[in-house]
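Student: I would like to learn how to read the inside of a protein model, going slowly from empty spaces to sheets and helices. Could you take me through it?

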Amino acid sequence: MEAHMDVSWNMEDEYEKFVRRMNPPRVVIDNESCESATVIRVDSANKHGILLEVVQVLTDLNLVITKAYISSDGSWFMDVFNVTDRERKKVKDENVLDCIRKYLGADSSVTAAIRRSIGIQPSSEYTSIELTGTDRPGLLSEICAVLANLKCNVVNAEVWTHNSRAAAVMHVTDQATNLPITDPQRLSKVKELLRNVLKRNHKSRGASTAVSLGHTHTERRLHQMMFADRDYERGERASSDDQLRPQVTVTDCTDKDYSVVTIRCKDRPKLLFDTVCTLTDMQYVVFHANVDAERPEAYQEYYIRHIDGSPVNSEAERRRVIQCLEAAIERRVSEGLKLELCTNDRVGLLSDVTRIFRENSLSVTRAEVTTKGGNAINTFYVCDASGLPVDSKRIDAVRLLIGQTILKVKDSSAYSSSPPQESGTRFLFGNLFKSKSLCNFGLVRPYS
């Protein structure tokens, strides 16, 4: 099957190279016409998903898209992006500018690779584990303990939680060899034990585990996983404050036979990427768009049709588009205190850290785990078990256990001066009853 996939990809690559030779894309980078941003113009042959490909490249280069004008009504794709670096300055770094030309220009061969990254590419560096399930106290701590017990070293991971659902993409290697895990029996055992962890709560809606020797674009994949898991469906208990929700509307443009999607919400990094991902996953084509994120509130307007050529044509479909876009915006919102952990990487590090969080009643709303050059660089967003700001004394206690120079507070505004009341609300890393501690199960050793 792998050989068949390679042949298929090669055929797609050759066809795409032919199309690009006939209609080579053109990228113009202008640092003169706008005072506050670098202007990037991209013209190329139009195809479904090309907007996502371009936005993904700019986002992966850590660029901030402050404005965008998109037009792809016909066979040609014409986009203009105003971008800055993370410090809101023009992009002057020649290495970054060269990457833009390389990845989006006429000589680029990256487009097919980007499209394939939406699925799976072979990887010789790690084994990829994908998990989705119902969020509950101590879940990630248990997952990390199981992986450590199975001699799997977590080298990279990203975890999102939203609307009582959790999704994770974890890259693991064999503890002894630091190579991908390829033994089918061992992989089957990893899947079985992780599935048992995810399904411990029999009242949960469902759980999914997948293991592959492949590479995916992690954030792209997390959106797909949570969309497939229907995290956009709000239950009766998920009635959060409507004023805090993104303002999403879907109206008709009858004279042009489009549906018009309008989004107003607080601006944040990667917002455009998140909304375009969801529209693409829902099989909608963006024909025109206007994006303005120069103020604290972002404004996005899309003129769309379904891939079959029809606009949004029912009230049920309209509600679903609104719910899915709201979910896409909310998934990456990082509520809570930002903690950054930097230390030498070692086997079982993530298991130990998440266990300490759990034992000190810290709940993590999002996590990013990376390993570079033998160093672990991890970011956690934490709140208390009730979702309120964290008591500073509790954070100080956790830092003493882990190491004050290793675990640092990056956003002190989320501190609480008084101890919060205990609550039984659900979170990914939360309170786990002492009687059910993993130490009692013999899966992890007490930290000392």
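**Reading spaces, sheets and a helix**

Tutor: Let us begin with an enclosed space: H5, E7, helix H10 (349-359), E16 and E17 each give at least two residues to the lining of the second largest cavity. Helices (H or I, at least four residues) and strands (E, at least two) are DSSP runs, numbered from the N terminus. This is a predicted model, in which local features need pLDDT of at least 70 and side-chain atom pairs count only at pLDDT 80 or more, while totals for chains, interfaces and linings use all residues. Residues are numbered from 1 along each chain as its sequence is written, and side-chain values use heavy atoms, with hydrogens and water left out.

Student: What do the words cavity and pocket stand for here?

Tutor: Rolling a probe the size of a water molecule over the atoms shows where empty space is left. On a 1 Å grid over the protein atoms alone, a cavity is a set of points where a 1.4 Å probe fits but cannot get out, whereas a pocket is an open set with protein on both sides within 12 Å along at least five of seven lines; lining residues have an atom within 4 Å of a point. Grid points are joined across faces, edges and corners, and a volume is the space filled by probe spheres set on the points.

Student: How many cavities of 30 Å³ or more does a search of the whole structure find?

Tutor: The search finds three. The largest cavity holds about 130 Å³ of space, and among its 15 lining residues, Gly 49, Ile 50, Leu 51, Val 285 and Val 286 lie nearest its centre. The second largest cavity holds about 110 Å³, and 16 residues line it, with Asn 153, Val 154, Gly 348, Leu 349 and Leu 350 closest to its centre.

Student: Which residues lie nearest the centre of the second largest pocket?

Tutor: They are Glu 158, Thr 218, Glu 219, Glu 368 and Thr 370, out of 24 lining residues, and the pocket has a volume of about 860 Å³. E16 gives the most to this lining, with five residues.

Student: How are the strands of the open sheet ordered?

Tutor: Strands of a sheet pair through backbone hydrogen bonds, either parallel or antiparallel. Here eight strands form an open sheet in the order E9-E6-E8-E7-E16-E17-E15-E19, with antiparallel pairing, where two strands pair if DSSP finds at least two bridges between them. Strand E9 (208-212) and strand E19 (407-409) are the edge strands, each pairing on one side only. Within the sheet, 10 bridges join E16 to E17, and Lys 372 stands opposite Asn 375 in E17.

Student: Which strands does helix H5 touch?

Tutor: Helix H5 (residues 139-149) packs on the sheet and touches strand E6 (127-134), E7 and E8, contact meaning heavy atoms within 4.5 Å. Its direction makes about 20° with that of E8, where axes are lines fitted to C-alpha atoms, for helices over the stretch in contact, and angles run from 0 to 180 degrees between N-to-C directions.

Student: Why is helix H2 described as largely enclosed?

Tutor: Buried means under 20% relative accessible area, exposed over 50%, and partly exposed in between (1.4 Å probe, protein chains only). In helix H2 (residues 50-60), 10 of the 11 residues are buried, so H2 is largely enclosed by the rest of the structure. The buried residues include Ile 50, Leu 51 and Glu 53. After H2 comes Asn 62, whose phi is positive, near 60°.
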